[in-house]
Protein chains: 4
Amino acid sequence: MTTHTHTRIPVAILGATGMVGQRFIELLQGHPWFEIVALAASEQHGGRPYAEATRWRLPNSDMPAEVASLPVQPCRPEALPEVKIAFSALPGEVAGEVEEQFARAGVAVFSNAKNHRMAADVPLLIPEVNAGHIEAVAYQRKQRGWPGFIITNANCSATPLVMALKPLQEAFGMRKVLLTTLQAISGAGYPGVSSYDILDNIIPYIGGEEEKLEIETRKMLGTWREGEGFVDAPIAVSAHCTRVPTREGHLECASVELEREASPEEIIAVWESYRPLPQELGLPTAPEQALIYRRELDRPQTLRDRDAGKGMSTTLGRLRPCPVLSYRFVALAHNTIRGAAGGSILNAELAYKQGLL
Amino acid sequence: MTTHTHTRIPVAILGATGMVGQRFIELLQGHPWFEIVALAASEQHGGRPYAEATRWRLPNSDMPAEVASLPVQPCRPEALPEVKIAFSALPGEVAGEVEEQFARAGVAVFSNAKNHRMAADVPLLIPEVNAGHIEAVAYQRKQRGWPGFIITNANCSATPLVMALKPLQEAFGMRKVLLTTLQAISGAGYPGVSSYDILDNIIPYIGGEEEKLEIETRKMLGTWREGEGFVDAPIAVSAHCTRVPTREGHLECASVELEREASPEEIIAVWESYRPLPQELGLPTAPEQALIYRRELDRPQTLRDRDAGKGMSTTLGRLRPCPVLSYRFVALAHNTIRGAAGGSILNAELAYKQGLL
Amino acid sequence: MTTHTHTRIPVAILGATGMVGQRFIELLQGHPWFEIVALAASEQHGGRPYAEATRWRLPNSDMPAEVASLPVQPCRPEALPEVKIAFSALPGEVAGEVEEQFARAGVAVFSNAKNHRMAADVPLLIPEVNAGHIEAVAYQRKQRGWPGFIITNANCSATPLVMALKPLQEAFGMRKVLLTTLQAISGAGYPGVSSYDILDNIIPYIGGEEEKLEIETRKMLGTWREGEGFVDAPIAVSAHCTRVPTREGHLECASVELEREASPEEIIAVWESYRPLPQELGLPTAPEQALIYRRELDRPQTLRDRDAGKGMSTTLGRLRPCPVLSYRFVALAHNTIRGAAGGSILNAELAYKQGLL
Amino acid sequence: MTTHTHTRIPVAILGATGMVGQRFIELLQGHPWFEIVALAASEQHGGRPYAEATRWRLPNSDMPAEVASLPVQPCRPEALPEVKIAFSALPGEVAGEVEEQFARAGVAVFSNAKNHRMAADVPLLIPEVNAGHIEAVAYQRKQRGWPGFIITNANCSATPLVMALKPLQEAFGMRKVLLTTLQAISGAGYPGVSSYDILDNIIPYIGGEEEKLEIETRKMLGTWREGEGFVDAPIAVSAHCTRVPTREGHLECASVELEREASPEEIIAVWESYRPLPQELGLPTAPEQALIYRRELDRPQTLRDRDAGKGMSTTLGRLRPCPVLSYRFVALAHNTIRGAAGGSILNAELAYKQGLL
């Protein structure tokens with residue numbers, strides 16, 4: 001780590017060697033506000049240069065030259081004194097404790113791990129959906145006596161769903177959601193899913209995923225109120241999660257029960273006119289359109305729509321009446337960009353814009 | 001076509017060159033009751049031997065020697081005078097008229113085509129589900145003045161669903177079903193889905209499929225009563241149909257609302273103890289177990305379970321409470337065997353056993 | 001077609017509805033020298049707007065707005081009077097005659113079709129390899145009395161091979177090449193390969209491909225001399241062509257027999273220092289590096305390297321001695337960009353720079 | 001392990017939990033001569049029942065009931081006193097030492113591991129190819145003073161090649177072989193290849209595979225002579241090995257240089273008339289035809305031909321002259337059956353028939 005003065009905010013990637021860690025590195029190249037100054041992962045790497053410690057797994061880029069020679073440090077705040085922001089791509093087994101250490105040491109932690117998502121004082125944040133939840137940070141700091149803080153982003157399968165539901169909830173109210181996800185292999189990290197398990201196969205089970213999707217959705221669609229804390233949205237959510245042989249992009253077939261009558265045209269209009277805060281603020285990683293509605297009969301498709309908005313847009317389609325609930329539709333988002341590293345960076349951009357950094 | 005006396009019933013395959021036609025041929029090899037004596041397809045083949053007129057597409061077998069030299073005849077009953085049973089794998093554009101001609105000429109037609117499925121006097125038959133509907137044949141013959149008749153089998157995506165639902169309906173009553181299908185490419189026939197459309201992709205749309213699944217399910221779970229005709233089951237059915245990159249096997253994630261309370265154990269017991277008519281009668285193509293419930297967390301899987309019962313069993317798994325309806329589960333069946341050719345052959349076996357041939 | 005004065009050269013795409021036609025459209029967006037003013041395809045489209053006549057098949061882009069409303073014209077020069085350049089993505093059945101009509105009408109035709117590739121007065125051109133062959137155009141025009149001309153680009157499987165071989169031939173001489181290709185499904189166009197044929201499968205045969213690869217390689221590595229014509233390089237070429245389940249990118253495992261001794265380091269140096277004409281001239285579509293040599297043990301890989309140089313670079317790797325010939329290595333190029341539309345555009349850029357337009 | 005008297009020879013599977021171990025179990029079900037009485041793997045399993053210690057990975061079968069309750073023993077001969085034959089599917093890191101311990105303890109070891117393949121007194125055996133090499137066993141026992149012995153089978157990529165070459169070598173002599181392999185993911189075991197590495201990708205590198213293929217081929221096509229030992233065949237072998245997204249079946253594109261002239265018809269006749277020892281002896285696992293030559297233009301194909309002869313036949317096709325060597329052709333065999341477990345069982349059957357057990 002160099003010691004010169006940074007004009008951009010110095011950030012570290014925790015869990016830098018895994019797939020989401022690599023996405024953080026890729027997406028932060030050329031970032032106007034944040035500069036990677038440190039990479040950290042398990043102690044076993046012992047300070048070796050990143051290029052020696054790991055192989056680059058992302059198919060559409062090479063390891064950026066500027067990180068190749070950075071040493072892979074241990075995930076301890078005292079080893080990374082210069083760092084103001086830590087993006088955490090740590091596995092659940094260690095993320096809980098490590099992230100707390102960083103927050104306690106004054107670092108702003110933006111985490112992709114599941115550990116603190118459901119904590120009563122930690123925002124589970126999608127800036128397009130529940131930007132107001134960021135107010136919990138002040139409470140969290142006070143409560144825990146931390147100079148830093150933790151903000152989490154949602155499970156990759158919850159993201160497209162919540163992006164689609166939020167405008168509907170606001171406009172029409174919502175009581176029930178029932179969905180099936182068709183999730184890409186990259187959602188399991190690297191090496192993740194064995195090719196022998198998934199080639200010419202569907203696995204209709206992802207451990208813990210359905211529960212996460214259900215509880216996180218209710219938290220994100222719920223409210224944060226000073227003195228009251230987080231209150232879940234009173235929405236019944238039922239998820240079937242499946243793993244399918246696609247590389248990137250989680251596609252979801254959802255049915256919803258709305259509280260008020262709405263025509264298909266009204267619903268599409270609500271989606272298409274949706275202009276949430278990140279787009280208002282012009283956050284660097286925010287896509288031009290948070291939601292894209294495709295009118296073709298057979299869209300969104302995983303391959304064709306996952307990269308919309310550089311992987312940060314959520315693409316919707318096939319809105320039609322549902323014989324059991326009110327309406328059904330299809331939603332899609334890129335799971336390792338929007339649903340992971342990109343979402344976390346957007347959270348940091350919102351925090352920065354709102355003076356938390 | 002030879003003219004010697006057959007000890008087995010002489011059958012023809014209509015639409016013999018396509019993928020389902022080839023499945024009929026494959027599955028009828030060594031059949032104890034039925035013998036292929038004629039192959040028919042579009043006129044363009046002009047009587048050429050089957051081996052010249054078409055290429056064998058099924059991956060796990062070669063073209064059986066006994067059909068290789070059979071001439072590919074036109075689909076006209078007068079060209080196939082010896083035939084008592086016609087298995088129809090014809091495309092929807094021609095199936096309607098051709099099948100009627102055969103029935104009018106005295107042939108028992110077992111059709112995989114959609115055209116007559118919803119007719120008021122045509123059974124849409126799955127012997128394990130609605131064997132009683134076969135009684136509509138007498139009415140059909142009388143009504144239409146046909147010496148032959150038409151019996152249809154269901155859309156390949158309706159089959160696993162209805163197999164799973166029937167025992168639940170009988171035991172507990174049922175009001176609503178909401179499901180997402182993950183359907184194999186072979187469901188689109190040959191050449192069917194372009195590899196460029198489906199490799200690393202999900203297409204969340206199959207033209208006409210959702211409608212077929214919904215109306216066929218209600219007909220099959222409904223009743224046939226003399227003088228009253230078919231009465232649909234009063235069940236709301238909502239389907240999301242998707243095409244996924246698997247070769248064979250339609251996997252379905254379903255949620256159901258039951259009329260009466262039931263524990264998971266009771267539901268599994270109802271499935272596991274299900275002994276419908278084909279198994280009672282020992283029909284040659286009936287699998288030992290119509291329904292197989294897998295207790296592993298991650299089953300059924302498309303690749304691992306599609307061939308259960310030689311492709312004729314329906315495999316179930318993952319029964320668990322549904323936060324929106326009563327229960328959710330996964331069902332799987334082989335789409336070109338159970339959901340197409342094999343289902344049609346089983347229908348013919350039931351008809352034979354019940355004296356209709 | 002508009003009639004205003006173009007500041008860029010007005011071009012047409014022949015065969016604009018197919019996969020390579022769409023690649024031409026995609027790659028010509030924002031081109032500094034060429035402007036698409038007309039789209040042409042088979043007469044059946046009858047002048048309907050492009051957006052109605054076809055569906056966009058390329059997964060990473062949408063149909064550009066500027067072509068959506070262009071009428072799909074017939075492939076006749078009199079219907080496209082304004083056009084100076086025609087990029088031909090026509091199928092072999094019609095390309096031969098149509099391309100000649102355009103050349104006869106004064107249009108510069110850059111063709112991806114096989115028909116004229118081996119003609120005695122038609123350059124089979126890869127600007128990095130045999131830029132000098134473009135001199136045959138003067139002879140062609142004189143010989144045929146055409147105001148326009150035809151320049152062809154090579155078969156998509158010949159391109160990476162010839163790119164790799166040219167510097168070796170120049171530096172060390174070459175006698176024999178033996179290779180196996182692993183070709184992506186997009187090489188067969190759209191709908192092309194049925195998914196039922198290729199999912200979980202390898203097809204070790206592509207009709208006519210091995211012959212094309214063998215003869216085209218010898219022509220491109222041969223010479224053009226005024227008065228003498230094309231003289232094939234005296235190199236024995238043997239190709240095994242296979243179709244594999246990848247979307248884009250032809251990977252080739254090649255062994256070569258060189259005339260002179262060379263160390264691995266010398267060979268790699270020759271590749272890495274290769275600076276052919278397009279890069280010298282700074283042609284807009286020329287990649288920065290024509291050849292990229294990857295030193296990792298397991299590169300190039302289809303997925304990871306096909307997009308190198310925006311799909312215009314050829315990536316090499318795994319150079320090692322061959323126990324049967326001299327050396328063996330792996331080569332890879334993007335088949336529908338470098339090996340088809342992109343290659344043709346580069347040919348037009350060279351022709352433009354050399355004053356032929 | 002039970003202690004009753006076995007009417008069949010009691011065998012153990014070493015490395016029983018891996019993919020090849022599971023294939024051994026699957027293929028030995030109902031074997032007329034051999035009976036699985038013990039399963040062994042790494043110590044970590046501590047005697048737990050097989051059904052608890054591992055998950056069944058093979059897609060087309062369930063774990064056989066008869067092995068589900070067998071304890072997973074450590075790989076030590078004293079723990080498996082009853083065993084007469086050990087089939088080894090051990091990983092290379094431990095196979096060397098463990099297999100020697102078993103042979104020293106009097107067990108006949110049939111190994112799929114690489115460790116002893118190239119030893120000067122260990123047969124590298126394919127009964128259809130070099131049955132005579134089994135005579136090295138007597139020398140091995142004497143040399144090493146072992147009551148048991150070790151016989152190995154070849155690398156899965158060497159098997160189809162050598163099966164194809166042996167009859168050519170006998171009939172016409174052979175000097176050179178150059179081939180590219182397209183190898184299925186199952187060749188890497190389980191979990192083996194990450195799906196993220198191979199979906200929509202080709203990896204043109206498999207560590208150590210090319211070397212193994214080259215040296216094993218020369219040993220197997222060479223001779224064993226009393227007092228002289230193994231003498232390699234004087235054949236230059238050059239291999240390019242690639243990993244492709246298929247589940248099972250290694251397809252190989254080969255070119256050979258023969259010593260004597262031969263017409264294509266003569267070569268095909270030599271293949272088709274090949275009747276080696278296992279077929280002569282009627283060994284239980286020997287397929288009816290060791291070699292199958294397909295005359296279709298596009299065969300063998302991985303998916304369609306890998307299961308020929310229950311996965312024990314080698315399928316050939318596309319014989320045609322080679323512009324560089326004499327002839328080229330395509331060969332295919334099932335890598336985890338013929339190229340692994342099935343090959344080893346056939347070796348044991350030969351040894352049994354020849355009185356070595």
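A polar contact is a pair of N or O atoms within 3.5 Å; within protein, one must be able to donate a hydrogen and the other to accept it. The exercises below use a predicted model.

**Exercise 1. Place Thr242(D) and find the backbone oxygen that its side chain reaches.**

Solution.
Step 1. Locate the residue. Thr242(D) sits in strand β10 of chain D, which spans residues 236-243.
Step 2. Check burial. The cut-off for buried is under 20% relative accessible area. Thr242(D) has 0% relative accessibility, so the residue counts as buried.
Step 3. Look for the polar partner. The side chain of Thr242(D) reaches the backbone oxygen of Thr181(D) at 2.7 Å.
Step 4. List the surroundings, leaving out residues up to four places away in sequence. Thr242(D) touches residues of chain D, including Thr180(D), Thr181(D), Ile203(D) and Tyr205(D). From chain C, Leu182(C) and Cys253(C) are among the residues touched.

**Exercise 2. Describe the interface of chain D and chain C: what area is buried, and how many residues take part?**

Solution.
Step 1. Count residues. Chain D gives 46 residues to the contact and chain C gives 47.
Step 2. Take the area. About 3,700 Å² is buried between chain D and chain C, with 60% from carbon and sulfur atoms.
Step 3. Count polar links. Between chain D and chain C there are 8 salt bridges. The count of residue pairs in polar contact is 29, with both residues at pLDDT 80 or more.
Step 4. Assign elements. On the side of chain D that touches chain C, β7, α9, β10, β11, α12, β13 and β14 each supply at least two residues. The most comes from β10(D), with 7 residues.
Step 5. Sort by type. This side of chain D divides into 26 nonpolar, 9 polar and 11 charged residues.

**Exercise 3. Which residue of chain C meets Arg306(D) in a salt bridge, and why does the pair join two chains?**

Solution.
Step 1. Find the partner. Arg306(D) and Asp200(C) meet through their side chains, 2.8 Å from N to O.
Step 2. Place both ends. Asp200(C) lies in the loop between α8 and α9 of chain C, and Arg306(D) in the loop between α12 and β13 of chain D, so the pair joins two chains.
Step 3. Check burial. Asp200(C) is buried at 2% relative accessibility. Arg306(D) is buried as well, at 9%.

**Exercise 4. Describe the interface of chain D and chain B: what area is buried, and which three residues of chain D supply 39% of the area that chain D buries?**

Solution.
Step 1. Count residues. Chain D and chain B each bring 15 residues to the contact.
Step 2. Take the area. About 1,200 Å² is buried between chain D and chain B, and carbon and sulfur atoms give 32%.
Step 3. Name the contributors. Pro59(D), Leu303(D) and Arg304(D) supply the 39%, more than any other three residues.
Step 4. Count polar links. The interface of chain D and chain B holds 6 salt bridges. It has 8 residue pairs in polar contact, both residues at pLDDT 80 or more.
Step 5. Sort by type. The side of chain D that touches chain B has 4 nonpolar, 1 polar and 10 charged residues.
Step 6. Pick an example. Arg294(B) forms a salt bridge with Asp62(D), with the closest N and O atoms 2.9 Å apart.

**Exercise 5. Find the salt-bridge partners of Arg175(D) and Glu272(D), and give the sequence separation of each pair.**

Solution.
Step 1. Take Arg175(D). Its partner is Glu257(D), with the closest N and O atoms 3.1 Å apart.
Step 2. Place this pair. Arg175(D) is in strand β7 and Glu257(D) in strand β11 of chain D, 82 residues apart.
Step 3. Check accessibility. Arg175(D) is partly exposed at 38%, whereas Glu257(D) is buried at 16%.
Step 4. Take Glu272(D). Its side chain meets that of Arg295(D) at 2.9 Å, N to O.
Step 5. Place this pair. Glu272(D) lies in helix α10 and Arg295(D) in the loop between β12 and α12 of chain D, so the pair ties together parts 23 residues apart in sequence.
Step 6. Check accessibility. Glu272(D) is partly exposed at 39%, and Arg295(D) is exposed at 58%.

**Exercise 6. Is Lys166(C) buried or exposed, and what is its nearest side chain of opposite charge?**

Solution.
Step 1. Locate the residue. Lys166(C) lies in helix α7 of chain C, residues 158-172.
Step 2. Check burial and charge. Lys166(C) is buried but has no salt bridge. The nearest side chain of opposite charge is Glu170(C), 4.1 Å away.
Step 3. Apply the cut-off. A salt bridge needs the nitrogen within 4 Å of a carboxyl oxygen.
Step 4. List the contacts. Lys166(C) touches Val129(C), Leu221(C) and Tyr274(C), leaving out residues up to four places away in sequence.

Terms used. Residues are numbered from 1 along each chain as its sequence is written. Chains are lettered from A and ligands numbered from 1 in the order in which they are written. This is a predicted model: local features need pLDDT of at least 70, side-chain atom pairs count only at pLDDT 80 or more; totals for chains, interfaces and linings use all residues. Side-chain values use heavy atoms; hydrogens and water are left out. Contact means heavy atoms within 4.5 Å. Buried area is the accessible area (1.4 Å probe) that two parts lose on being put together, summed over both. Ala, Val, Leu, Ile, Met, Phe, Trp, Tyr, Cys and Pro count as nonpolar, Asp, Glu, Lys and Arg as charged, and the others, Gly among them, as polar. Helices (H or I, at least four residues) and strands (E, at least two) are DSSP runs, numbered from the N terminus. Buried means under 20% relative accessible area, exposed over 50%, partly exposed in between (1.4 Å probe, protein chains only). Lys and Arg count as positive and Asp and Glu as negative; His and the chain ends are not counted.
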